[in-house]
Amino acid sequence: RTEKIWKPICIGHPWITVSNAGYYRDMRAIGFRTFNNLIDESFDSIESSADRFQRIIQVIRDLCEQDLDAFIRAAEPICKYNQQHLLELAPKLMAEFSPRFFNFIK
């Protein structure tokens, strides 16, 4: 996970991430909520990067054909929860970063 996910969470935006298979599963495993009740996140289990990317494109197209104001209203509780969860999780993530980074570069 990088700043590319933390920024929308910090500012309370819903997000769709183009990433490796299992990314959404991993985000849920560390306590974040995803938007699986609002969008089809089945792309998260697609192993092929090309196929996963094509499915994400379709999910975004489908979303753009919906009432986006209604989507934002429905996503708001998830976004607020994720903001709070990140605030609570941030000290732990920051404390783990330096040792993990230095181990990585060794």
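Colleague: Hi! Which residue follows α1, and what is the sign of its phi?

Modeller: That is Gly 12, and its phi is positive, near 75°. Before we go on, this is a predicted model, where local features need pLDDT of at least 70, side-chain atom pairs count only at pLDDT 80 or more, and totals for chains, interfaces and linings use all residues. Residues are numbered from 1 along each chain as its sequence is written, and side-chain values use heavy atoms, with hydrogens and water left out.

Colleague: Thanks. How many helices and strands are there?

Modeller: The protein has four helices and zero strands, in the order α-α-α-α along the sequence. Helices (H or I, at least four residues) and strands (E, at least two) are DSSP runs, numbered from the N terminus.

Colleague: And what does the C-alpha trace span?

Modeller: About 45 × 30 × 20 Å along the principal axes.

Colleague: What share of the residues is buried?

Modeller: Buried residues are 29% of the 106 in the protein. Buried means under 20% relative accessible area, exposed over 50%, and partly exposed in between (1.4 Å probe, protein chains only).

Colleague: Back to α1, then. Which of its residues are buried?

Modeller: Ile 5, Trp 6, Pro 8 and Ile 9. Looking down the axis of α1, these buried residues fall within an arc of 165°, so they line one face of the helix. The arc is that of the directions from the helix axis to the C-beta atoms. Turned away from that buried side are the exposed residues Glu 3, Lys 4 and Lys 7.

Colleague: What about α3, how many residues does it have?

Modeller: Helix α3 covers residues 49-64, which is 16 residues. From first C-alpha to last it reaches 22 Å, close to the 22 Å expected at 1.5 Å a residue; the expected span is 1.5 Å times one less than the number of residues. Its buried residues are Arg 52, Ile 56, Val 59 and Leu 63. Down the axis of α3, they fall within an arc of 60°, so they line one face of the helix. On the other side, Ala 50, Arg 61 and Cys 64 are exposed.

Colleague: An arginine in that list! What is the relative accessible area of Arg 52?

Modeller: Arg 52 has a relative accessible area of 6%.

Colleague: And what does Arg 52 touch?

Modeller: Leaving out residues up to four places away in sequence, Arg 52 touches Ser 19, Asn 20, Ala 21, Phe 43, Ile 46 and Glu 47. Contact here means heavy atoms within 4.5 Å. Ser 19 is 33 residues from Arg 52 along the chain, yet their C-alpha atoms are separated by 8.7 Å.

Colleague: Which backbone oxygen lies 2.5 Å from a polar atom of the Arg 52 side chain?

Modeller: The one of Ile 46. The Arg 52 side chain also reaches the backbone oxygen of Glu 47, at 3.2 Å. A polar contact is a pair of N or O atoms within 3.5 Å; within protein, one must be able to donate a hydrogen and the other to accept it, and residues adjacent in sequence count only if both atoms are side-chain atoms.

Colleague: New topic: the core. Which members touch the most others?

Modeller: The largest nonpolar core has 20 residues, and Ile 5, Trp 6, Ile 9, Trp 15, Met 27, Phe 32 and Phe 35 touch the most other members. Such a core is a set of buried Ala, Val, Leu, Ile, Met, Phe, Trp, Tyr and Cys residues joined through side-chain atoms within 4.5 Å. Two or more residues each come from α1 (3-10), α2 (23-29), α3 and α4 (68-105), and α4 gives the most, with six.

Colleague: Is Asn 82 in α4 buried or exposed?

Modeller: Asn 82 is buried, at 1% relative accessible area. Asn 82 touches Ile 9, Trp 15, Phe 32 and Arg 33, not counting residues up to four places away in sequence. A polar atom of its side chain lies 2.8 Å from the backbone oxygen of Arg 33.

Colleague: Last one: how many disulfides does the structure hold?

Modeller: Zero, a disulfide being a pair of cysteine sulfur atoms within 2.5 Å. For Cys 64, the nearest cysteine sulfur is that of Cys 79, 16 Å away. For Cys 79, the nearest is that of Cys 10, at 12 Å. Cys 64 is exposed, with a relative accessible area of 53%, while Cys 79 counts as buried at 5%.
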